Amino acid sequence: MSITVKELAKLLNLSEAAVSLALRNKPGVSTQTRRKVMDLADKHGYDFYKQTKQGMHSRHITFAIYKRQGAIVTETPFFSELFEGIEVACANEQYKLHITHILKSEDVEKKIDEISYSDCAGVILLGTEMQIEDFIPFESLKIPVVVLDLFLDFLDYDCVLINNVQGALIATDYLISRRNKQPGYLRSSYSIGNFEDRADGFYKAIRRHGMSTSKSIMHRLTPSVEGAMADMLELIEQGEELAPCYFADNDCIAIGAIKAFQQKGIRVPDDIAIIGFDNVPLASYMDPPLTTIHVPKRYMGEMAVSRLISNIKNGSHSPLKIEVATSLKKRQTV
């Protein structure tokens with residue numbers, strides 16, 4: 001196996017980004033630096049052409065699950081449905097599916113090299129936790145990549161994700177129309193792109209109704225049922241002011257908060273109304289059933305496969321941002 005970008009960067013005392021730019025003949029590094037990188041890469045047998053013909057006749061697709069901080073647990077109904085869509089779409093198109101987990105704390109370049117040297121036609125990259133700098137090592141891949149569950153400016157890939165702004169706006173608008181009061185916000189204590197977009201939708205709805213965003217009570221809760229319940233119990237016990245209704249970043253936060261309210265004798269929706277986001281299976285079975293935003297998770301997975309196979313067959317194209325619309329599931333917590 002040839003030397004990696006990470007190893008070259010260490011030998012030259014340069015950043016991985018600078019080495020990557022030099023190897024790909026991109027602007028952003030000096031001519032002198034570019035020459036040093038190219039000379040050392042050639043000396044140590046860097047394989048400039050290792051992916052030129054990779055994937056042309058392959059019927060394998062890799063689903064790469066990237067974990068930056070472990071905030072998102074993939075063993076949940078949300079990601080199970082997402083994966084089911086990928087799996088079924090691959091089978092329908094007669095592509096074999098391989099799954100790999102990439103942890104930021106481990107040797108990312110080694111994992112990417114394994115993909116590079118495998119019989120892989122393209123990659124679906126779960127980008128839920130990723131930030132722009134996390135994509136630098138993936139630039140060495142010469143096969144099509146579709147990013148799932150994330151969009152960031154400057155990404156040179158097709159991206160398939162939820163229309164998070166639309167969903168949060170629909171949810172908040174419904175809360176206001178039903179309660180005629182200023183909604184509060186149960187916000188995730190973990191910052192990821194999806195939740196940031198949902199915050200945009202929430203505050204957009206607040207402004208649309210002529211309300212001041214500064215007057216919305218906001219609590220930061222762990223994005224899991226157990227974590228959100230514990231956090232909300234602590235806030236109640238500390239005497240924190242509670243809002244008459246809440247939009248929650250996801251169903252797990254909403255369900256955890258409801259459990260905390262019920263434990264403290266607060267009735268939902270009589271005393272406090274709550275709306276979630278994702279429409280996980282538990283939302284329809286809890287007491288009372290959770291009003292939430294439905295996300296067509298399986299369809300998202302299918303769309304990611306469709307775009308990837310199109311790119312494999314048709315070659316280069318202008319990257320697309322594909323946002324999947326959401327819908328309101330009216331139940332009994334509002």
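Me: Before we look at strands 4 and 5, what does it take for two strands to pair?

Reply: Two strands pair if DSSP finds at least two bridges between them. This is a predicted model, and in it strand 4 (residues 145-148) is joined to strand 5 by three bridges, the two running parallel. You can find the register at Val-147, which stands opposite Cys-159 in strand 5.

Me: And which order do the strands take in the open sheet of six?

Reply: Read the order across the sheet: 2-1-3-4-5-11, with parallel pairing. Strand 2 (96-103) and strand 11 are the edge strands, each pairing on one side only. From one strand to the next, the twist averages 20°. Helix 5 (residues 108-116) packs on this sheet and touches strand 1 (60-67), strand 2 and strand 3 (122-126). The direction of helix 5 makes about 165° with that of strand 2.

Me: Let's stay with strand 11. How many bridges join strand 5 to strand 11?

Reply: There are four, and strand 5 (residues 158-162) runs parallel to strand 11. Here Val-160 stands opposite Ile-322.

Me: Which side chains of strand 11 are buried, and which are not?

Reply: Buried means under 20% relative accessible area. Along strand 11 (residues 321-324) the side chains alternate. Ile-322 and Val-324 point to one face and are buried, whereas Lys-321 and Glu-323 point to the other and are not.

Me: Now the open sheet of four strands. What is left at its edges?

Reply: Start with the order, which is 7-6-8-9, with parallel pairing. Strand 7 (218-221) and strand 9 (273-275) stand at the edges; each has a single partner strand, so one side of each lacks a neighbour in the sheet. On average, neighbouring strands are turned by 20° against each other, direction ignored. Between strand 6 (residues 184-188) and strand 7 there are four bridges in the parallel sense, and Ser-188 stands opposite Leu-221.

Me: Which helices should I look for there?

Reply: Helix 6 (residues 164-179) packs on the sheet, touching strand 8 (245-248) and strand 9, and its direction makes about 170° with that of strand 8. Helix 8 (residues 225-237) lies across strand 6 and strand 7, at about 135° to strand 7.

Me: One last residue: is Thr-333 buried or exposed?

Reply: Since anything under 20% counts as buried, Thr-333 is buried, with a relative accessible area of 0%. You will find Thr-333 in the segment after strand 12 (327-329). Its side chain reaches the backbone oxygen of Ile-274 at 2.6 Å. Beyond its neighbours within four places in sequence, Thr-333 has contacts including Ile-258, Val-268, Pro-288 and Leu-290.

Key:
Residues numbered from 1 in each chain as written. Predicted model: local features only at pLDDT ≥ 70, side-chain atom pairs only at ≥ 80, totals over all residues. Heavy atoms only, no water. Buried < 20%, exposed > 50% of the residue type's maximum accessible area, 1.4 Å probe, protein only. Polar contact = N/O pair within 3.5 Å; in protein donor to acceptor, adjacent residues only side chain to side chain. Contact = heavy atoms within 4.5 Å. Axes fitted to C-alpha atoms, helices over the stretch in contact; angles between N-to-C directions.
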